[in-house]
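Subject: Structure handover

Hi,

Here is the structure I promised you. My notes follow below it.

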Amino acid sequence: MSYDEELRGRQLRIGTKQTTKAVEVGTAAKVFVARDADPKLTSKIVTLAKKMSVEVTYVDSMKLLGKACGIEVGAAMAAIVNE
């Protein structure tokens, strides 16, 4: 299953702040990170996700991740949440 199929129709948290919060509070089931996003941002979420045992999947670009999330702009990261 491709990442855009995985994201379609799911509860999402999009962006750095929302994704980080979802991982911290334990609601994130899976995190998606854009490869072309700023490493200062992405390294923190990848480390946090590994610490919290949340799977991380990389997407080729912010533009593709944003499109897969159903938004018109790029996204550095997003999370599928279980609520």
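The buried residues of helix α3 are T42, I45, V46, L48 and A49. Buried means under 20% relative accessible area, exposed means over 50%, and partly exposed lies in between (1.4 Å probe, protein chains only). The five residues cover an arc of only 165° around the axis, which puts them on the same side of α3. That arc is taken over the directions from the helix axis to the C-beta atoms. On the other side, P39, K40, K44, T47, K50 and K51 are exposed. An α-helix has 3.6 residues a turn, so residues three or four places apart point the same way.

Before you go on, note that this is a predicted model: local features need pLDDT of at least 70, side-chain atom pairs count only at pLDDT 80 or more, and totals for chains, interfaces and linings use all residues. Residues are numbered from 1 along each chain as its sequence is written, and side-chain values use heavy atoms, with hydrogens and water left out. Helices (H or I, at least four residues) and strands (E, at least two) are DSSP runs, numbered from the N terminus.

More on α3

The cover over the buried residues of α3 includes α2 (16-25), β2, β3 and β4. Helix α3 itself takes in residues 39-51 and packs on the sheet, where it touches β2, β3 and β4. Contact here means heavy atoms within 4.5 Å. The direction of α3 makes about 155° with that of β2. Axes are lines fitted to C-alpha atoms, for helices over the stretch in contact, and angles run from 0 to 180 degrees between N-to-C directions.

Does the length of α3 fall short of the expected span, or agree with it? At 1.5 Å a residue, its 13 residues should span 18 Å, and the end C-alpha atoms are 18 Å apart, which agrees. The expected span is 1.5 Å times one less than the number of residues.

Now the two ends. At the start of α3, a side-chain oxygen of D38 comes to within 2.9 Å of the backbone nitrogen of K40. After α3 comes S53, in the loop between α3 and β3. Phi of S53 is near 60°, a positive value in a residue other than glycine. S53 counts as exposed, at 69% relative accessibility.

The sheet

Four strands form an open sheet in the order β1-β4-β2-β3, with mixed pairing. Two strands pair if DSSP finds at least two bridges between them. The edge strands are β1 and β3 (55-59), each of which pairs on one side only. Neighbouring strands of this sheet are turned by 20° against each other on average, direction ignored.

Is β4 (residues 77-81) mostly covered or mostly open? Mostly covered: five of its five residues are buried. M77, A79 and V81 point one way from β4, while A78 and I80 point the other way.

Strand β1 (residues 12-14) runs antiparallel to β4, and three bridges join them. Within β1–β4, R13 stands opposite A79. Strand β2 (residues 28-34) also pairs with β4 in the antiparallel sense, over five bridges. V33 has M77 as its bridge partner in β4, and K30 has I80.

Two residues to look at

V31 is in strand β2. It is buried, with a relative accessible area of 0%. Leaving out residues up to four places away in sequence, V31 touches ten residues' worth of neighbours listed here: T19, V23, I45, A49, V54, E55, V56, T57, A78 and A79. V31 and R13 are 18 residues apart in sequence and 9.4 Å apart in space, C-alpha to C-alpha.

T57 is in strand β3. At 18% relative accessibility, T57 counts as buried. Its side chain makes a polar contact with the side chain of K30 (3.5 Å). A polar contact is a pair of N or O atoms within 3.5 Å; within protein, one must be able to donate a hydrogen and the other to accept it, and residues adjacent in sequence count only if both atoms are side-chain atoms.

Helix α2

In α2, T19, A22 and V23 are buried. They cover an arc of only 95° around the axis, which puts them on the same side of α2. K17, K21, E24 and V25 are exposed on the other side. The buried residues of α2 pack against β1, β2, α3 and β4. Just after α2, G26 takes a positive phi of about 85°.

Best wishes
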